[in-house]
Amino acid sequence: MTRREISPVEAPGALEFSTPPPLSLYVHVPWCVKKCPYCDFNSYPLRGGLPEAEYVAALAADLESALPLVQGRRIVSVFFGGGTPSLLSAAGLDALLSIIRARVPLPGDAEITLEANPGTVDTGKFAAFRDAGITRLSLGVQSFDPEHLRTLGRIHDAGQARRAAAFAARDFDNFNLDLMYGLPGQTVAQALADVKEALTFSPTHLSCYQLAIEPDTTFAVSPPALPDPERCADMQEAIEAGLDEAGFIHYETSAFARPERQCRHNLNYWTFGDYLGIGAGAHGKLTLRTRNAWEVRRQMRWKHPKRYLAEMNADPSALFPREGASPAERSDGGTGNPLQDEFSVAADDLPFEFMMNALRLNEGFDAALFGARTAQPLSAVETILRRAESEGLLVRDAGRIAPTRRGQRFLNRLLEMFLA
Ligand code: SF4
């Protein structure tokens, strides 16, 4: 899938939005204890201690610099992702949330999610995260099978996975467990056993991802033997049936939730909402009115944490006063500009970008949402919609547009149609 990029000065001026979409905040923490061999996220193994104070100060400066772009807009959800944000101390997270609350309107009932790694928790940490203001935990269990966890190169074992899931259930009434299937040597029964065990902790949400070999990962260099596609499809079907029976709603390609427990932050992505992304390598999408014209702007922060920290050149002593610390100690020539890349999305690309998100939702989207998010009439994609319908990939019913079962199964084929 390709995307035509244009510079902000070439931005189309013809877009007309009545109002910008809901706005979320994503905060990226780019370090992990060690890099998993299948992972293509912007994450780096920790060498030495976590530079927590420096990073929190950089995030504060980053947010501050972005404020003119989001002035007057409230934040509907916050997501701390990574990397491994659970490496942060509860005090660091508390400071960060205070900084966020002081700078942007964050309603008291906003969903605030933290991703956690079962290998980085002890008995009191989740409760401290909750007390700091986290309302939803997302735990990267991946599997309860010791052999599969070893193959995935995870830092936690099956005992730690169970312990962390039990802590999550004890300390949060809203939490997600991440599982993976299609693992080397995995049978359908083993994939289902992982789901069944996850259910014993009564999570409100489960994310089940099929292992894929991504470029630029250790697995891409020495790929393990994966189960054949038919067996993976069988696992997917068995997982979907098992979770349906357990009362979960399969609302997105990989996401299952108890009623009313869908992830609000991710739903904002999938309904093509806006998000400000801060932190090393964070991506953002903002619908803006600048110089009397609307644009949809995409941003990416400096990817490498070292470069990001250097550019932000933030002074942690301003946030965390320490004896002997002075701003002069960190005058390392930063620019204060967090951006590695920024561009306006061409109007022609918005329908595809919208579909790439909204068609992940099994219930699809309200037809009116297309116009609200892309500033274009649905007639702009009418021919493609008809073709997708005639191929049995899409269905239109009572003002909603949704992928069929077949469309869900062949989602890439369906999306490619909107690229043409
Ligand atoms: S813990 Fe998560 S983010 Fe970190 S390397 Fe492993 S998969 Fe990637």
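Valine 76 sits in strand E5, where helices (H or I, at least four residues) and strands (E, at least two) are DSSP runs numbered from the N terminus. This is a predicted model, in which local features need pLDDT of at least 70 and side-chain atom pairs count only at pLDDT 80 or more, while totals for chains, interfaces and linings use all residues. Residues are numbered from 1 along each chain as its sequence is written, and side-chain values use heavy atoms, with hydrogens and water left out.

Back to valine 76: with a relative accessibility of 25%, valine 76 counts as partly exposed. On the scale used here, buried means under 20% relative accessible area, exposed means over 50%, and partly exposed is in between (1.4 Å probe, protein chains only). Leaving aside residues up to four places away in sequence, valine 76 touches Pro22, Leu23, Ser24, Ala110, Glu111 and Asn268; contact here means heavy atoms within 4.5 Å. Of these partners, asparagine 268 is 192 residues away in sequence, yet the C-alpha to C-alpha distance to valine 76 is 8.7 Å. A similar kind of link can be drawn for aspartate 228, which is 46 residues from glycine 182 in sequence and 8.5 Å from it in space, again C-alpha to C-alpha. Aspartate 228 belongs to the loop between helix H7 (218–221) and helix H8 (229–245), and counts as partly exposed at 38% relative accessibility.

Next, the backbone. Glycine 82 and glycine 83 are joined by a cis peptide bond, with omega at about 15°. Glycine 83 falls in the loop between strand E5 (75–82) and helix H2 (90–103). Two residues that are not glycines turn up with a positive phi: glutamine 142, at about 70°, and alanine 375, at about 60°. Glutamine 142 is part of strand E7 (residues 136–142) and is buried, at 6% relative accessibility. Alanine 375, on the other hand, lies in the loop between helix H12 (367–374) and helix H13 (382–390), and its 23% relative accessibility makes it partly exposed.

Then there are the rings. A pair of aromatic rings is described by the distance of the centres and the angle of the planes. Rings of Phe, Tyr and Trp (its six-membered ring) pair if their centres lie within 6.5 Å; planes under 30 degrees apart count as stacked, over 60 as edge-to-face and the rest as tilted. The whole structure holds 10 aromatic pairs. One of them brings together tryptophan 31 and tyrosine 55, which are edge-to-face because their planes stand at 75°, with the ring centres 4.9 Å apart. This pair links distant parts of the chain, with tryptophan 31 in strand E3 (residues 31–32) and tyrosine 55 in helix H1 (residues 52–70), 24 residues apart. Tyrosine 55 also pairs with tyrosine 308, this time in a tilted arrangement, at 5.8 Å centre to centre and 55° between the planes. Tyrosine 308 is in helix H10 (residues 305–312) and tyrosine 55 in helix H1, so the pair ties together parts that are 253 residues apart in sequence. Tryptophan 31 and tyrosine 55 are buried, and tyrosine 308 is buried too.

Elsewhere, ring pairs join Phe272, Phe354, Phe365 and Phe370 into a cluster. Phenylalanine 272 has a further partner in lysine 285, whose charged end sits over the ring, 3.9 Å from its centre. A charge sits over a ring if NZ of Lys or CZ of Arg is within 6 Å of the ring centre and within 35 degrees of the ring normal. The charged end of arginine 307 does likewise over the ring of tryptophan 302, at 3.8 Å from its centre.

As for cysteines, the structure has 0 disulfides, a disulfide being a pair of cysteine sulfur atoms within 2.5 Å. Cysteine 32 is buried at a relative accessible area of 11%, and cysteine 36 is buried at 13% relative accessibility.

Finally, the domains. The assignment gives domain 1 (5–270) and domain 2 (347–419), with bounds that come from an automatic or database domain assignment. Their centres, taken over C-alpha atoms, are 26 Å apart. Domain 1 puts 16 residues into the contact and domain 2 puts in 15 residues. Between them the two domains bury about 1,300 Å², 52% of it on carbon and sulfur atoms; buried area is the accessible area (1.4 Å probe) that two parts lose on being put together, summed over both. Leu15, Phe17 and Trp270 supply 35% of the area that domain 1 buries against domain 2, more than any other three residues.
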